[in-house]
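Dear colleague,

I am handing over the structure below, and I would be glad if you could look through it before reading on. My notes on what was found in it follow directly after.

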Amino acid sequence: MGNASEIFLFVSRISKDNDFIMGTLYIIFGVLSILGNGILLFVAYRKKSSLKPAEFFVVNLAISDLSMTITLFPLAIPSAYAHM
């Protein structure tokens, strides 16, 4: 398995200031992603009877992106602020 010193391999290799900037950018991009994809899904829901096949693809991408944002950004933000 390895010795005890290999446990701390998850410490960030960039400076703490850059980690703070990355955490802040994650928050900004996360909020913008939730708002943008949420608005797109709301508009698609309101006009669901007149959607074309290409627009269904965009809706599918919005659902995928929204689910990635909701599940992964809450893990990345504290990790960046913890410098890990």
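In what follows, a residue is called buried when its relative accessible area is under 20%, exposed when it is over 50%, and partly exposed in between. P78, which is found in helix α2, has a relative accessible area of 45% and is therefore partly exposed. Please keep in mind throughout that this is a predicted model.

**Overall picture**

The chain has two helices and zero strands. Of its 84 residues, 17% count as buried, and the chain exposes about 6,700 Å², of which carbon and sulfur atoms supply 73%. If one takes the contacts between residues at least 6 apart in sequence, 78% of them join residues at least 24 apart.

The UniProt entry, which is unreviewed, carries the annotation "transmembrane region" for residues 20-45 and 57-77. In the model, residues 20-45 are 100% helix and 0% strand, with 37 Å between the end C-alpha atoms, and residues 57-77 are likewise 100% helix and 0% strand, with their end C-alpha atoms 29 Å apart.

**The two helices**

Helix α1 runs over residues 16-46, and its 31 residues reach 45 Å from the first C-alpha to the last, close to the 45 Å expected at 1.5 Å a residue. Its buried residues are D19, G23, G30, S33, N37 and A44, and these pack against α2, which covers residues 53-81.

For α2, the 29 residues should span 42 Å at 1.5 Å a residue, and since the end C-alpha atoms are 42 Å apart, the two values agree. There is nevertheless a kink of about 40 degrees in α2, placed at L72, shortly before the proline P74. The buried residues of α2 are V59, A62, L66, T69, I77 and A80, and what covers them includes α1.

**Aromatic pairs**

The structure holds two aromatic pairs. In one of them, F20 and Y81 have their ring centres 5.4 Å apart and an angle of 55 degrees between the planes, which makes the pair tilted. This pair links distant parts of the chain, with F20 in helix α1 and Y81 in helix α2, 61 residues apart. Y81 has a relative accessible area of 38%, so Y81 is partly exposed.

For the pair of Y26 and F73, the ring centres are 5.7 Å apart and the planes stand at 75 degrees, so the pair is edge-to-face. Here too distant parts of the chain are linked, since Y26 lies in helix α1 and F73 in helix α2, 47 residues apart. Both rings belong to residues in the middle class of accessibility: Y26 is partly exposed because its relative accessible area is 29%, and F73 counts as partly exposed because its relative accessibility is 23%.

**Other links between the helices**

Two further C-alpha distances may be useful if you intend to follow how the helices are placed. P78 and Y26 are 52 residues apart in sequence, and their C-alpha atoms are 9.9 Å apart in space. T24, which is found in helix α1, is 56 residues from A80 along the chain, while the C-alpha atoms of T24 and A80 are separated by 8.8 Å. T24 has a relative accessible area of 28% and is therefore partly exposed, whereas A80 is one of the buried residues of α2.

**The segment after α2**

H83 is found in the segment after α2, and its phi is positive, near 60 degrees. Is H83 buried or exposed? At 17% relative accessibility, H83 falls under the 20% limit and so counts as buried. Leaving aside the neighbours within four places in sequence, H83 is in contact with V11, S12, I14, S15, K16 and D19. Of these, D19 is itself among the buried residues of α1.

With best regards

Key:
Residues are numbered from 1 along each chain as its sequence is written. This is a predicted model: local features need pLDDT of at least 70, side-chain atom pairs count only at pLDDT 80 or more; totals for chains, interfaces and linings use all residues. Side-chain values use heavy atoms; hydrogens and water are left out. Helices (H or I, at least four residues) and strands (E, at least two) are DSSP runs, numbered from the N terminus. The expected span of a helix is 1.5 Å times one less than its number of residues. Buried means under 20% relative accessible area, exposed over 50%, partly exposed in between (1.4 Å probe, protein chains only). Contact means heavy atoms within 4.5 Å. Rings of Phe, Tyr and Trp (its six-membered ring) pair if their centres lie within 6.5 Å; planes under 30 degrees apart count as stacked, over 60 as edge-to-face and the rest as tilted. UniProt positions are given in the numbering used here, feature names are shortened, and annotations may be inferred rather than shown by experiment. Accessible areas come from the Shrake-Rupley method with a 1.4 Å probe; for residues, only the protein chains shown count as cover. The bend at a residue is the angle between axes fitted to the seven residues ending there and the seven starting there.
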